[in-house]
Amino acid sequence: MPDSNAEKISINKGDWVSLSRGYAKNHGEGALNGNYKIISKKVKASELFTNGDSFNEFGYDPKIKGKK
């Protein structure tokens, strides 16, 4: 039976994201002790930021033209 809360889960500004589902799963199992959900969304590269410590880790920051 599908999770009734599945439609309520979304990606938000500032969320941690990865281009690799496997990396996200390993991170969730290890660092988050299995308390995680993986969601998928196509975003523009310009909406991602990184501090450069890992090619697998990004933050999400959508920018809407004309708004701050």
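**Review note: Asp 61, its salt bridges and the surrounding fold**

1. Asp 61 is a buried residue, with a relative accessible area of 18%. The cut-off for buried is under 20%, so Asp 61 qualifies at 18%. The model is predicted, and the values below should be read as features of that prediction.

2. Two salt bridges turn up in a search of the whole structure. One of them joins Lys 13 to Asp 61, with 3.7 Å between the closest N and O atoms. This pair ties together distant parts of the chain: Lys 13 lies in the segment before β1 (16-17) and Asp 61 in the segment after β3 (58-60), 48 residues apart. The lysine of the pair is exposed, as Lys 13 has a relative accessible area of 62%.

3. In the other salt bridge, the side chain of Asp 61 meets that of Lys 63, at 3.2 Å from N to O. Lys 63 is exposed as well, with a relative accessible area of 57%. Through the shared partner, Lys 13, Asp 61 and Lys 63 form one network of salt bridges. The network thus combines a buried Asp 61 with an exposed Lys 13 and an exposed Lys 63.

4. Glu 47 deserves a separate comment. Glu 47 sits in the loop between α1 (21-30) and β2, and at 14% relative accessibility it counts as buried. Despite being buried, Glu 47 has no salt bridge; Lys 44, the nearest side chain of opposite charge, is 5.4 Å away. Why does Lys 44 not count as a salt-bridge partner of Glu 47? A salt bridge requires the nitrogen and the carboxyl oxygen to be within 4 Å, and the 5.4 Å to Lys 44 therefore does not meet that limit.

5. Which residues does Glu 47 touch, leaving aside its neighbours within four places in sequence? Its contacts are Gly 59, Tyr 60, Asp 61, Pro 62 and Lys 63. Two of these, Asp 61 and Lys 63, are the residues of the 3.2 Å salt bridge. The C-alpha atoms of Glu 47 and Asp 61 are 5.0 Å apart, while the two residues are 14 positions apart in sequence.

6. The protein contains one helix and three strands, arranged β-α-β-β from the N terminus on. The three strands make an open sheet in the order β1-β3-β2, with antiparallel pairing. β1 and β2 (48-49) are the edge strands, each pairing on one side only. The antiparallel strands β2 and β3 are joined by two bridges, and Leu 48 has Tyr 60 in β3 as its bridge partner. Strands of a sheet pair through backbone hydrogen bonds.

7. The count of aromatic pairs comes to two. In one of them, the ring centres of Phe 55 and Phe 58 are 6.3 Å apart and the planes stand at 75°, so the pair is edge-to-face. Accessibility is uneven within this pair: Phe 55 is exposed at 66%, whereas Phe 58 is buried at 16%.

8. One backbone angle should be checked by eye. Most residues other than glycine have a negative phi. Asn 33, which is not a glycine, has a positive phi near 50°. Asn 33 belongs to the loop between α1 and β2 and is exposed, with a relative accessible area of 70%.

9. Some totals for the chain complete the note. Of the 68 residues, 15% count as buried; Asp 61, Glu 47 and Phe 58 are among them. The exposed surface is about 6000 Å², and carbon and sulfur atoms supply 52% of that area. Among contacts with a separation of 6 or more, 54% are between residues 24 or more positions apart.

Methods:
Residues numbered from 1 in each chain as written. Predicted model: local features only at pLDDT ≥ 70, side-chain atom pairs only at ≥ 80, totals over all residues. Heavy atoms only, no water. Helix = DSSP H or I, 4+ residues; strand = E, 2+ residues; numbered from the N terminus. Buried < 20%, exposed > 50% of the residue type's maximum accessible area, 1.4 Å probe, protein only. Phe/Tyr/Trp six-rings, centres within 6.5 Å; stacked < 30°, edge-to-face > 60°. Contact = heavy atoms within 4.5 Å. Areas by Shrake-Rupley, 256 points an atom, 1.4 Å probe, with all protein chains shown as cover. Pairing = 2+ DSSP bridges. Lys, Arg positive; Asp, Glu negative; His and termini not counted.
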